[in-house]
Amino acid sequence: DWTTKDFIKHAVSDIRRTVGKSRVLLGLSGGVDSSVAAALLHRAIGKQLTCVFVDNGLLRAGEREAVEALYGRHFKIDLRVVDASALFLRRLKGVSEPEQKRKIIGRTFVEVFEKSLKQIGKGVDYLAQGTLYPDVIESVAIDNNPAALIKSHHNVGGLPERMKLKLLEPLRELFKDEVRAVGEALGLPREVVWRHPFPGPGLGVRVLGEVTRDKLEVLRQADTILLEEMRKSGWYAKVWQAFCVFLPVKSVGVIGDERNYSWVIAVRVVESIDAMTADWTRLPYDLLQHISNRITNEVRDVSRVVLDISSKPPATIEWE
Ligand code: XMP
């Protein structure tokens, strides 16, 4: 529509005027905000934009490949994928306390990102971020509200100063729905523009307790099934988030006449307006049964599926 087109036109000329002949770096997560920022910057400055995607080993199935296909091959953005999964998993070894896991993941991310900036950052003057208007407000709120630190949300705080880079935040006056409209107008696929939120620490906070490669793999398989069934049934678009959680608990099951002692997966599906409060979604029983059957039949080492029926508050959306 008119306002979206108008925004894009003005943003493109603003970005060009600000950036001049400099290079711009953007940390691409694959989420809505950084994706739209990437598409907008690419429209404005083309090859002067370099995107860095960090594979932290805590991504869902196929995520890295999807980012490579869309931004690298389709949009032909200068995309650098940094595979740091071994480093993240090594650092997380033996750590089970949630806040400690978040801190390790956050710190390692900043470190890896900073290192890749040093390697590819010649002639770079700007660091771009997909900051939205609510983030601008929230960072003020977080500074003044210790309750907001119940879970430390990770970002690249302090990095621009250390790297002597200027910040470029082309979406900072927009709300989420406006960002989605801009993304669609720039040709991003609907699956990207309408993605559910995904936490920065990724599956690192959805494998409860110590994170290992094997547990991550079990979780990925279960999560893929849940997302497939949510999309197929049309429920994906109706809810705020839908994901699986790996519980480090074993339970007894039976396959044929063999006893099967293996892991438990929790299904978490919630509705929300702003993530401050949330209610668990009353999915149809038939759909729940189908999801549960598929997970226990198709994912080796899962013997049981449970449904999370907690609202926020007092529970949070994520389990860690
Ligand atoms: P909680 O679990 O606090 O989550 O109810 C509220 C919303 O925030 C997301 N979330 C995060 N996002 N980094 C993020 O970028 C994080 O560390 C993080 N922790 C939670 C969560 O998925 C939900 O949408």
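The protein chain of this predicted model contains eleven helices and nine strands. Its radius of gyration is 20 Å, close to the 20 Å that the globule rule gives for 320 residues, so the chain is as compact as a globular protein of that length. Along the principal axes, the C-alpha trace spans about 70 × 45 × 45 Å. Of the 320 residues, 33% are buried. Among contacts in the protein chain with a separation of 6 or more, 75% join residues 24 or more positions apart.

Attention now turns to an annotated site. An unreviewed UniProt entry lists Ser29, Gly30, Gly31, Val32, Asp33, Ser34 and Ser35 under "binding site". Two of the listed residues are described here, Asp33 and Ser35. Asp33 is found in helix 2, which covers residues 32–45, and Ser35 lies in helix 2 as well.

The surroundings of these two residues can be taken in turn. Asp33 counts as partly exposed because it has 19 C-beta neighbours inside 10 Å, whereas 20 or more would make a residue buried. Setting aside neighbours within four places in sequence, the contacts of Asp33 are with Gly130, Leu132, Leu171 and Val179.

Ser35, by contrast, is buried, because 25 other C-beta atoms lie within 10 Å. When residues up to four places away in sequence are not counted, Ser35 touches Gly30, Gly183, Leu188 and Val192. One of these partners, Gly30, is itself listed by UniProt under "binding site" in the unreviewed entry.

Key: Residues are numbered from 1 along each chain as its sequence is written. This is a predicted model: local features need pLDDT of at least 70, side-chain atom pairs count only at pLDDT 80 or more; totals for chains, interfaces and linings use all residues. UniProt positions are given in the numbering used here, feature names are shortened, and annotations may be inferred rather than shown by experiment. Helices (H or I, at least four residues) and strands (E, at least two) are DSSP runs, numbered from the N terminus. A residue is buried if 20 or more other C-beta atoms lie within 10 Å of its own, exposed if 12 or fewer, and partly exposed in between; C-beta atoms are placed from the backbone. Two residues are in contact if their C-beta atoms, placed from the backbone, lie within 7 Å. The radius of gyration is taken over C-alpha atoms; the globule rule is 2.2 Å times the number of residues to the power 0.38.
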